[in-house]
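Some terms used for protein structures rest on cut-offs, and it helps to see how a computed value is set against each of them. The questions below take up a few such terms in turn.

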Amino acid sequence: MKPTILNQGPAFSKLIKAFVFLIGKCKANKVFSQSRIWAVLPVMIPFLLSSCNEDMDAPTIVTINHHVLKEAYPVHRHQTYLLDLNEDDIPDFSINVMSVGFDQGVREYFQINSLRDSKVMLTNEEIAPLTSCLEISEASAIEGSSWSVFTGSMMVRTITENQPDQWSGPWAPDGDYFVGLSVRVNGEYHYGWVKLQADKESHAMFIQEYAFQTIPNLRIKAGQRK
């Protein structure tokens, strides 16, 4: 069984020094004895333990900026969302719908466009729908994933006359997923995510929340908020 090691923080160190000083004074005054030490210890121990708790309760440094929209924002053919991931008042991504006509109707591509030196995580050239806790970094462990400054689609709505809408793409099943994102700041990449909900009934993609890692090149997990 390993011995318990007390947290040697500032408060703990001060009490140890005070205890040593007290023993030194006892020696100097020739009143130092083993019985006096045992009398002092019951008083000192609670202070030592409380000092450990003080040091262990020190606040942790938060490196992730997390933002929740007061109301989920719907993206559809007439409405675009400009995402400022690192909140520097410069949009990094455009989440929108691009309509492309063909002989029998129209296809609506739900996509994310890079507006500056920023990238989107793709899987097989489509935007990967990430589930909670998956790692987002330069060397992501997701099979087939890559980073791209070009647009990537999430899902496609095919509209043809006298036919029900057809949905395709990795986001076609309704549900909440995350998109892995990265933004270049002062020459270094910062990673983050945005949470979206695909809703075929309302023909929209809803933006719910996003987060940004303030430390460059440090990974973040999908859905990580602190």
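**Terms and the values behind them**

Q: In this predicted model, what makes the link between the backbone oxygen of Thr214 and the side chain of His190 a polar contact?
A: The backbone oxygen of Thr214 lies 3.2 Å from a polar atom of the His190 side chain, and a polar contact requires N or O atoms within 3.5 Å.

Q: Why is His190 called buried?
A: The relative accessible area of His190 is 7%, and buried means under 20%, so the residue falls in that class. His190 is part of strand S12, residues 188–199, and, not counting residues up to four places away in sequence, its contacts include Phe212, Gln213 and Ile215.

Q: Why is the pair of Phe110 and Trp167 called tilted?
A: The ring centres of Phe110 and Trp167 are 6.1 Å apart, and the planes stand at 35 degrees; stacked would need under 30 degrees and edge-to-face over 60, so the pair counts as tilted. Because Phe110 belongs to strand S4 and Trp167 to strand S10, the pair ties together parts 57 residues apart in sequence.

Q: What makes the pair of Trp171 and Tyr177 edge-to-face?
A: With ring centres 5.4 Å apart, the planes of Trp171 and Tyr177 stand at 80 degrees, and angles over 60 degrees count as edge-to-face, so the name applies.

Q: How do you know that Tyr177 is buried?
A: Its relative accessible area is 19%, and the cut-off is under 20%, so Tyr177 counts as buried; for Trp171 the value is 0%.

How values were computed:
Residues numbered from 1 in each chain as written. Predicted model: local features only at pLDDT ≥ 70, side-chain atom pairs only at ≥ 80, totals over all residues. Heavy atoms only, no water. Helix = DSSP H or I, 4+ residues; strand = E, 2+ residues; numbered from the N terminus. Buried < 20%, exposed > 50% of the residue type's maximum accessible area, 1.4 Å probe, protein only. Polar contact = N/O pair within 3.5 Å; in protein donor to acceptor, adjacent residues only side chain to side chain. Contact = heavy atoms within 4.5 Å. Phe/Tyr/Trp six-rings, centres within 6.5 Å; stacked < 30°, edge-to-face > 60°.
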